[in-house]
Amino acid sequence: MSEELISKFDIRGTEQTGLTVECAWNVGKAVADWLPVSGPVVVVYTGDKIELANASIEGLRLQGRDVTDAGLGDRNLAMNLIVTKGFAGAVVVGFDATEQMTTIELYQNEAKLIDSESGLEEIRLLVEAGNFVPAVVKGNLTVS
């Protein structure tokens with residue numbers, strides 16, 4: 001994943017700039033490995049971004065994280081679910097209409113945004129290294 005895809009607050013781009021299904025899959029794996037708290041992760045997405053959300057879910061599960069697919073939603077839904085249901089983190093796949101780019105926002109426990117100062121760069125480096133060792137047992141998927 002190139003540095004160009006990393007903004008201060010999220011991952012953003014288009015398929016042409018490298019934000020592909022494979023990239024989202026690797027982001028899911030990296031987030032699963034990076035999150036400092038064990039436990040399940042919730043994924044939400046806008047209507048037309050289901051393919052990237054599904055790739056993130058698969059990456060998370062391959063690394064042994066249980067995942068709840070909360071379906072259509074936004075960062076507010078994700079943050080609320082982290083706080084009320086005790087998720088270890090969240091992946092929010094959305095779209096920035098102003099810039100016409102897909103976005104992936106990442107959150108950790110207590111609904112804290114993972115930004116350039118709190119782990120986004122480390123996640124990028126994990127994706128670039130690609131040294132993921134799949135978990136012995138794939139994580140479970142719950143759809144809510």
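A polar contact is a pair of N or O atoms within 3.5 Å; within protein, one of the two must be able to donate a hydrogen and the other to accept it. I open with that definition because the contact between the side chains of Lys-49 and Thr-102, at 3.0 Å, falls within its limit. Please keep in mind throughout that this is a predicted model.

Let me stay with Lys-49 for a moment. This residue belongs to the loop that runs between β2 (41-45) and α2 (50-62). Lys-49 is buried, and yet no salt bridge is found for it. What is the nearest side chain of opposite charge to Lys-49, and how far away is it? It is Asp-48, at 4.1 Å. The cut-off for a salt bridge is 4 Å between a side-chain nitrogen of Lys or Arg and a carboxyl oxygen of Asp or Glu, so the pair of Lys-49 and Asp-48 does not count as one. The polar contact with the side chain of Thr-102, by contrast, is present.

I turn now to strand β5, residues 101-108. Why is β5 described as largely enclosed by the rest of the structure? Seven of its eight residues are buried, and the description follows from that.

Consider next the strands with which β5 pairs. With β4, residues 89-96, it runs antiparallel and is joined by eight bridges. Within that pairing, Gly-94 faces Thr-103 of β5. β4 and β5 form a hairpin with four residues between the strands, and there Gln-100 adopts a positive phi near 55°.

β1, residues 11-13, is also antiparallel to β5, and three bridges connect the two. Here Ile-11 is placed opposite Ile-104 of β5.

The third pairing is with β6, residues 112-113, again antiparallel, through two bridges. Gln-108 has Lys-112 of β6 as its bridge partner. β5 and β6 make a hairpin as well, with three residues between them, and Glu-110 in the turn shows a positive phi of about 60°.

Beyond β6, in the loop that leads to α4 (120-129), we find Gly-119. Is Gly-119 buried or exposed? Its relative accessibility is 4%, and it therefore counts as buried. Its C-alpha lies 9.1 Å from that of Leu-35, although the two residues are 84 apart in sequence.

I close with the aromatic rings. The charged end of Lys-29 is positioned over the ring of Trp-25, at 3.5 Å from the ring centre. As for pairs of aromatic rings, with centres required to lie within 6.5 Å of each other, the count is zero.

How values were computed:
Residues are numbered from 1 along each chain as its sequence is written. This is a predicted model: local features need pLDDT of at least 70, side-chain atom pairs count only at pLDDT 80 or more; totals for chains, interfaces and linings use all residues. Side-chain values use heavy atoms; hydrogens and water are left out. Rings of Phe, Tyr and Trp (its six-membered ring) pair if their centres lie within 6.5 Å; planes under 30 degrees apart count as stacked, over 60 as edge-to-face and the rest as tilted. A charge sits over a ring if NZ of Lys or CZ of Arg is within 6 Å of the ring centre and within 35 degrees of the ring normal. Buried means under 20% relative accessible area, exposed over 50%, partly exposed in between (1.4 Å probe, protein chains only). Two strands pair if DSSP finds at least two bridges between them. Lys and Arg count as positive and Asp and Glu as negative; His and the chain ends are not counted.
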